[in-house]
Amino acid sequence: MPHRYNGQAYSPAGDKGRYVLPPAFRKVVKESSGGSKTLCLAVHDRYNCLIGFGLSHTEGFDEQIEKEEERAVRRNEDFDADARAAQLYGFEQVPFDDSGRFIMPETFRDLDLAGDGLYFHGSGKFFMVWKPEELEAMGSEFRGAKASCKAQMAKLAAKGGKK
C-alpha cells in the first residue's frame, strides 16, 4: 500500500537552521523509510518550494520517468530523461530525531527555500514544504493552502510562538 501525506502544519525556524517535521508527516516518513528516521527533500520541479517524502517513494521514479517520456512523445514534445532523472534522484536524505527536529541542508538554504518558518502541506505521494512568502506569491489555485498557512502561523503566534 502506497504511503500518502495529508494535512498541514507550520514549523518556525529554530536555532542552527533546525525545523520540526510535523508529527503526522513524521509518522508516514518513518514508515515509508522502513522505520529509519530519514526525510528525503528535493526541489519541486515546477514550484519554488521543496517536496518531502520517505525512501519508498523513490521506488516509482523509473516508472514515472518512462510515463512522462511516453506522454511527451505522444504530444510531440521534447523530453530529457537524464534531466528528469537528475531532478527526481537529486534529493537529499536528512536525518531527524524522535521529536522530528532536522537541520535544513545548506543547499536549500542557499536556494532561499527555507526561511524563518516552513509550511508543510500534504500532497498525496509527497508533501510540499513552503516558505510562507513563496506560497503567498502563488496563484488562486493555492488559495486553500495560503489560508491554511496563515491560520497555522496565527495559531502559533497566539500561543506565543515565533512566526
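How much of the accessible surface of the chain belongs to carbon and sulfur atoms? Of about 9300 Å² in total, the share is 48%. Keep in mind while browsing the views below that this is a predicted model.

**View 1. The whole chain, with its helices and strands.** Here we've got six helices and eight strands. Reading from the N terminus, they come in the order β-β-α-β-β-α-α-β-β-α-β-β-α-α. The radius of gyration is 16 Å against the 15 Å that the globule rule gives for 163 residues, so the chain is as compact as a globular protein of that length. Its C-alpha trace covers about 55 × 35 × 30 Å along the principal axes. As for burial, 40% of the 163 residues make the cut. Take the contacts with a separation of 6 or more, and 62% of them are between residues 24 or more positions apart.

**View 2. The charges of the chain.** Count them up and you get 24 positive and 25 negative charges. The mean position of the positive set sits 10 Å from that of the negative set.

**View 3. The largest nonpolar core.** This one holds 29 residues. Leu21, Leu39, Phe102, Met104 and Phe127 have the most contacts inside it. Two or more residues apiece come from α1 (23-32), β3 (38-43), β4 (50-53), α2 (61-74), β7 (117-122) and β8 (127-130). Strand β3 chips in the largest share, four residues.

**View 4. Close-up on Met104.** Which residues does methionine 104 touch, leaving aside its neighbours within four places in sequence? The contacts are Gly17, Tyr19, Leu41, Leu50, Arg109, Ala114 and Leu118. Met104 is also one of the residues with the most contacts inside the largest nonpolar core.

**View 5. The other core.** Apart from the core of 29 residues lies another, with 11 residues. Among its members are Leu135, Phe142, Ala145 and Cys149.

**View 6. Helix α1 and its packing.** What's tucked away on this helix? Its buried residues are Phe25, Arg26, Val28, Val29 and Ser32, so to speak the inside crew. They pack against a whole list of strands: β1 (8-12), β2 (18-20), β3, β4, β7 and β8. Helix α1 also gives two or more residues to the largest nonpolar core.

**View 7. Just past α1.** Glycine 34 follows the helix. Its phi is positive, near 65°.

Key:
Residues numbered from 1 in each chain as written. Predicted model: local features only at pLDDT ≥ 70, side-chain atom pairs only at ≥ 80, totals over all residues. Heavy atoms only, no water. Rg over C-alpha atoms; globule rule 2.2 N^0.38 Å. Buried < 20%, exposed > 50% of the residue type's maximum accessible area, 1.4 Å probe, protein only. Contact = heavy atoms within 4.5 Å. Areas by Shrake-Rupley, 256 points an atom, 1.4 Å probe, with all protein chains shown as cover. Lys, Arg positive; Asp, Glu negative; His and termini not counted. Charge placed at Lys NZ, Arg CZ, Asp CG, Glu CD. Core = buried A, V, L, I, M, F, W, Y, C linked by side-chain atoms within 4.5 Å.
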